[in-house]
Amino acid sequence: SMSSLSSGEEEEVFSIVQGLTQLSVALKELESSSAATQLSHYRDIPESVAQCYTLMYEGATLVHATSTKFTLLGKVDSSQITKLGKDLLQGCQLVSTGCIAIHDNATGCARSTRYHARQATLRIVHSVIQLIRVFVDNDTHDLDQAAPKTGVVWEACNVILEKRLAMGNRTAMRRDLLTYKLECN
C-alpha cells in the first residue's frame with residue numbers, strides 16, 4: 001500500500017502512472033487510417049518496419065520479466081515499486097515507440113497493420129497501469145489481485161512475444177478479411 005512508501009517514492013510512482021496514462025492517450029489518438037498512405041510492402045516486411053517490431057518485442061520482453069519481479073518484490077519491499085515501476089514504464093515506452101513508428105506514413109503500413117499494432121500496445125500499457133494500481137491505490141489494499149493482474153500483463157505481452165501479432169500488411173489484411181468473412185457467415 002502507499003502508506004509504506006515515502007512521500008518521495010509516492011510522488012515517483014504517481015509520475016510513472018501519469019507517464020503510462022499519457023502513453024495510453026497518445027496511442028488512442030493515433031490515426032489508423034490516412035489517405036496519404038502509400039503501401040510500401042505486401043509480402044516482405046521492409047527493414048524499417050522490422051525494426052519497429054523489434055522495438056515492440058524488446059519492450060514486451062522487458063515488461064514481461066519486470067512485471068513478475070514487480071509483483072514478487074512489491075509485496076515484500078515497497079522501495080522496489082519505484083525502481084521496477086520505472087522499468088515497466090521504459091518497456092511500455094519501447095513498445096509504444098515501435099507502434100508509433102509503424103503509424104508513420106513513411107513506413108507504408110496499411111490500416112490493418114496499424115490497428116493490430118496499436119491494439120497490442122494499448123493492451124500492454126493498460127495492463128501495466130492496472131498492475132501498478134494494485135500497489136498504489138489507497139482503496140486497493142488487496143494484494144491478492146497482484147497475481148491475476150500480472151497474468152493479464154503476461155498475456156498482453158505474449159501477443160507480441162509469441163508472434164501472435166499480425167505483422168506486416170499481408171498478415172494483418174488477411175486476418176481482417178478472414179474476420180469479416182467469419183462475421184458475414
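At what angle do the axes of α3 and α4 cross, and within what distance do they come? The answer is roughly 170 degrees, with the axes coming within 9 Å. Before we go on, you should know that this is a predicted model, where local features need pLDDT of at least 70, side-chain atom pairs count only at pLDDT 80 or more, and totals for chains, interfaces and linings use all residues. Residues are numbered from 1 along each chain as its sequence is written, and side-chain values use heavy atoms, with hydrogens and water left out.

Let's start with the whole chain. The protein chain has six helices and zero strands, so its pattern along the sequence reads α-α-α-α-α-α. Helices here are DSSP runs of H or I with at least four residues, strands are runs of E with at least two, and both are numbered from the N terminus. Taken along the principal axes, the C-alpha atoms fill a box of roughly 55 × 35 × 25 Å. Of the 185 residues, 43% are buried, where buried means under 20% relative accessible area, exposed means over 50%, and partly exposed is in between (1.4 Å probe, protein chains only). Now look at contacts, meaning heavy atoms within 4.5 Å. Among the contacts with a separation of 6 or more, 79% are between residues 24 or more positions apart.

Next, find helix α1, which covers residues 7–29. Its 23 residues reach 33 Å from the first C-alpha to the last, close to the 33 Å expected at 1.5 Å a residue; the expected span is 1.5 Å times one less than the number of residues. Which residues of α1 are buried? They are Glu9, Val13, Ile16, Val17, Gly19, Leu20, Leu23, Ser24 and Leu27. An α-helix has 3.6 residues a turn, so residues three or four places apart point the same way. The cover over the buried residues of α1 includes α3 (79–102) and α4 (111–136).

So how do helices pack? Two packed helices are described by the angle between their axes and the distance between the axes. The axes are lines fitted to C-alpha atoms, for helices over the stretch in contact, and the angles run from 0 to 180 degrees between N-to-C directions. Angles under 35 degrees count as roughly parallel, over 145 as roughly antiparallel, 65 to 115 as roughly perpendicular and the rest as oblique.

Try that on α1 and α4, whose axes come within 10 Å and cross at roughly 155 degrees. These two helices are therefore roughly antiparallel. Their crossing is left-handed, a word used if the near helix is turned anticlockwise from the far one by less than a right angle (clockwise would be right-handed). On the α1 side, the residues that meet α4 include Val13, Leu20 and Leu27, and their partners in α4 include Leu122, Val125 and Ile129. The residues of this contact divide into 12 nonpolar, four polar and three charged. For these classes, Ala, Val, Leu, Ile, Met, Phe, Trp, Tyr, Cys and Pro count as nonpolar, Asp, Glu, Lys and Arg as charged, and the others, Gly among them, as polar.

Back to our opening pair: the axes of α3 and α4 cross at roughly 170 degrees. That makes α3 roughly antiparallel to α4, and the crossing is left-handed. Among the residues that meet here are Leu88, Cys92 and Val95 in α3, and Ala117, Thr121 and Ile124 in α4. By class, the contact has 12 nonpolar, three polar and two charged residues.

Helix α4 has another partner, α5: the two pack at an angle of about 165 degrees, with their axes 9 Å apart. They are therefore roughly antiparallel, with a left-handed crossing. The contact includes Ile124, Ser127 and Leu131 of α4, along with Val152, Val153 and Ala156 of α5. Its residues come to 13 nonpolar, three polar and two charged.

Zoom in on Ser127, which sits in α4. Is Ser127 buried or exposed? Ser127 counts as buried because its relative accessibility is 4%. Leaving out residues up to four places away in sequence, Ser127 touches Val152, Val153 and Ala156.

Finally, head to Asn158 in helix α5 (residues 146–161). Asn158 is buried, with a relative accessible area of 15%. Not counting residues up to four places away in sequence, Asn158 touches His64, Lys163 and Arg164.
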